[in-house]
Amino acid sequence: MDDGKPTGPKAKWWSRPSAEGALPQGSGVPPARSDEVTAQLPPIADDPSAEAGPAPVPAGPAHALGDAAPAPAGPAPVPTDPAPAPADAVPTPHQGRPQPLHEPDAYSTPPYGGPGPWALAPPVQRPTPAHGTPMPPPAHRAPPQVQIPQQPHAQPHQSHHQPLPLPVPPPPSQGHAQAQAPGGPESSQWLRYDPWNAPGQQPLTQYGEPRKRRGRRAGLVAAGALALAACVLGGAVGAYIERNGGFTSVELPQADAEAGGRAPDSVAGIAASALPSVVTLHVSGSGEQGTGTGFVLDRQGHILTNNHVVQPASSSGEISVTFSGGQTARATLVGKDSGYDLAVVKVTGVSGLKPLPLGNSDSVQVGDPVVAIGAPFDLSNTVTSGIISAKQRPITAGGEKGDGSDISYVDALQTDAPINPGNSGGPLVDTRARVIGINSAIRAADSGTGLSGGQSGSIGLGFAIPINQGKRVAEELINTGKATHPVIGVSLDMEYAGDGARVGDKAADGGPAVTAGGPGAKAGIKPGDVITEVNGQRVHSGEELIVKIRAHRPGDRLELTLGRGGKERTMKLTLGSADGT
């Protein structure tokens, strides 16, 4: 069972043959060098006589791995007259091809499954870069040609083959010499590989200098330059798009043109109808100047506005009128009344005047929509809209003189249409573009009430003189140059803090408080009486009584309710007349 196998101790498959040990007993095969190509030996015969004696070893120096003798300078001698094979020798298969020094392993020893347990450890190479690592090439020495000597006592069926020479490695470049072990032959790079040695001492895979990486470095530089160029180009394109809105023109959707007409009762329709009749006034004189609004009353050129608008030009000033179309004309003062805060001016030489129709302020209801037109802060043709917030609001404006002669008393219409300084004298029109009031005052946040002198903007509390009162006053101013005021012929105590209007004890000039023969005296009013109602409307102060009286014409009959000595009395009177200022 052990025929043809060594009888000595078995070497492990991963072990290396000792460079100093002797050949195993009974092998009959000289140790092979790893730098030689193994020659084919005759197959082991089944005849036990083949193991009768050891195979003769050729004379000469032993080729051991650890042999310190220097290698011969020339090739080893090759026998020129090999022993002829017997005539009856049986040829072996694959004659002429090299055969391994061992029989096939029946145990399939890993990792190869072929070599026996006494085979040399296969060369193992650690991974190296694909281009190799530079190494100093071996010196120029002729590689030795070694052959395996023939067995002198071969069996008849064994065949003899010529030994094969070792492959010659490529010659190294000039100037590089391979260091060799002292006293040993020049060996191949694979013989010097030790898989258990440090990585730095491993054999090298190829000769020559390392491959230069200029191509890779140049590629990195080119990639960086390309990225930089892309960034610059992208920034330029982005800046162009941001500044010019893109590479193509933008067309936004838009509705088709519509007809210019609007419903007559819309704000646009009302403004289109009323604006040609509204004018802007610029007044200067007496070291003062101001701006206001007015509207055309008739084709003769009469224009109605507020008294406080034309006040700077009352004596010797200038009034300039600018129409909505931009045409300008000089105007003259026809008449004014501070008690009603109304004035009339007239332009001449202007054709195509369009009078603004007048409505009826007594027909106005709270909540009716209205439109205010004027020139706030000299912004001509400004249109605002709102509603009637209240009626018969007793307001007073003026009083800068201190004697009360410039105070106006108005039973006003209240509106939330924005009214600002410059709107004074402008029309407040209804949905049919008819004038129902003359914008005169606002209630400002600083508790002011007039439109003159540093008032703040609108807070939604605007007041207009009812057109019924404005019409009467305007007619008197045009016809006579002055207006008349309705009176009851009594002087009021304006300091009275109670509810109602108290008749004073005496007049401001020291005369009697009830004018003899006047409407009040005829009705039986006495000093100290407190008037609480006019025509059934409650009166809370002297100002409210004046407002209620001036809302009527001279000659109108009124019913007054008053208190005297704790008793309430009712009396009727006919209003008298007094010239205005």
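This section describes the fold, packing and salt bridges of a predicted model.

The protein has 581 residues, of which 33% count as buried. Its secondary structure comes to 6 helices and 19 strands. The accessible surface amounts to about 33,500 Å², and carbon and sulfur atoms account for 55% of this area. Among contacts between residues at least 6 apart in sequence, 66% join residues at least 24 apart.

Two barrels are described in turn. One is a closed barrel of 6 strands in the order β1-β2-β3-β6-β5-β4, with antiparallel pairing. On average, neighbouring strands of this sheet are turned by 40° against each other, direction ignored. Strand β1 (residues 278-285) and strand β2 (residues 288-296) run antiparallel and are joined by 8 bridges. Within this pairing, Val-278 has Phe-295 of β2 as its bridge partner. Strands of a sheet pair through backbone hydrogen bonds, in either the parallel or the antiparallel sense.

The other closed barrel, also of 6 strands, runs β7-β8-β9-β12-β11-β10 and is likewise paired in the antiparallel sense. Here the average turn between neighbouring strands is 50°, direction ignored. Strands β7 and β8 are antiparallel and share 6 bridges, with Thr-384 in β8 as the bridge partner of Ala-372. Strand β8 is in turn paired with β9 through 7 bridges, again antiparallel; the partner of Pro-394 in β9 is Asp-411. Between β11 and β12 there are 5 bridges in the antiparallel sense, and Ile-442 is matched with Gly-462 of β12. Helix α6 (residues 542-550) packs on the sheet, where α6 touches β8 and β9, and the direction of α6 makes about 80° with that of β9.

Helix α4 (residues 467-480) has contacts with strands of both barrels. In the barrel that begins with β1, α4 lies across β2, β3 (302-305), β5 (328-337) and β6 (342-347), and runs at about 55° to β6. In the barrel that begins with β7, α4 lies across β9, β11 and β12, at about 50° to β12. Helix α2 (residues 267-274) has four buried residues, namely Gly-269, Ile-270, Ala-271 and Ala-274. The elements covering these buried residues include β1, β7 (369-374), β8 (382-397) and β10 (427-429).

In soluble globular proteins, nonpolar side chains tend to be buried together. The largest nonpolar core of the model comprises 29 residues, and those with the most contacts inside this core are Phe-295, Leu-304, Leu-342 and Ile-438. At least two residues of the core are supplied by each of α2, β6, β7, β9 (408-415), β11 (435-442), β12 (462-466) and α4. Helix α4 provides the largest share, 4 residues. Another core, of 23 residues, lies apart from this one and includes Ile-488, Leu-492, Ala-513 and Leu-575. Phe-295 thus appears both as the bridge partner of Val-278 and among the residues with the most contacts in the largest core.

Side chains of opposite charge can pair when their charged atoms come close. The model contains 10 salt bridges. One of them joins Lys-471 to Glu-475, with the closest N and O atoms 2.5 Å apart. Both residues belong to helix α4 and are separated by 4 residues, about one turn of the helix. An α-helix has 3.6 residues a turn, so residues three or four places apart point the same way. Lys-471 has a relative accessible area of 37% and is therefore partly exposed, as buried would require under 20% and exposed over 50%. Glu-475, at 34% relative accessibility, is also partly exposed.

Arg-538 forms a salt bridge with Asp-499, with 3.0 Å between the closest N and O atoms. This pair links distant parts of the chain, 39 residues apart: Arg-538 lies in strand β16 (residues 537-538), whereas Asp-499 lies in the loop between β13 (484-487) and β14 (501-502). Arg-538 is partly exposed at 37% relative accessibility, and Asp-499 is partly exposed at 39%.

A further salt bridge is formed by the side chains of Asp-493 and Arg-502, at 3.4 Å from N to O. Asp-493 is partly exposed, its relative accessible area being 26%. Asp-493 and Arg-502 are linked with Asp-505 in a network of salt bridges.

Notes
Residues numbered from 1 in each chain as written. Predicted model: local features only at pLDDT ≥ 70, side-chain atom pairs only at ≥ 80, totals over all residues. Heavy atoms only, no water. Pairing = 2+ DSSP bridges. Axes fitted to C-alpha atoms, helices over the stretch in contact; angles between N-to-C directions. Contact = heavy atoms within 4.5 Å. Buried < 20%, exposed > 50% of the residue type's maximum accessible area, 1.4 Å probe, protein only. Core = buried A, V, L, I, M, F, W, Y, C linked by side-chain atoms within 4.5 Å. Areas by Shrake-Rupley, 256 points an atom, 1.4 Å probe, with all protein chains shown as cover. Salt bridge = Lys/Arg side-chain N within 4 Å of Asp/Glu carboxyl O.
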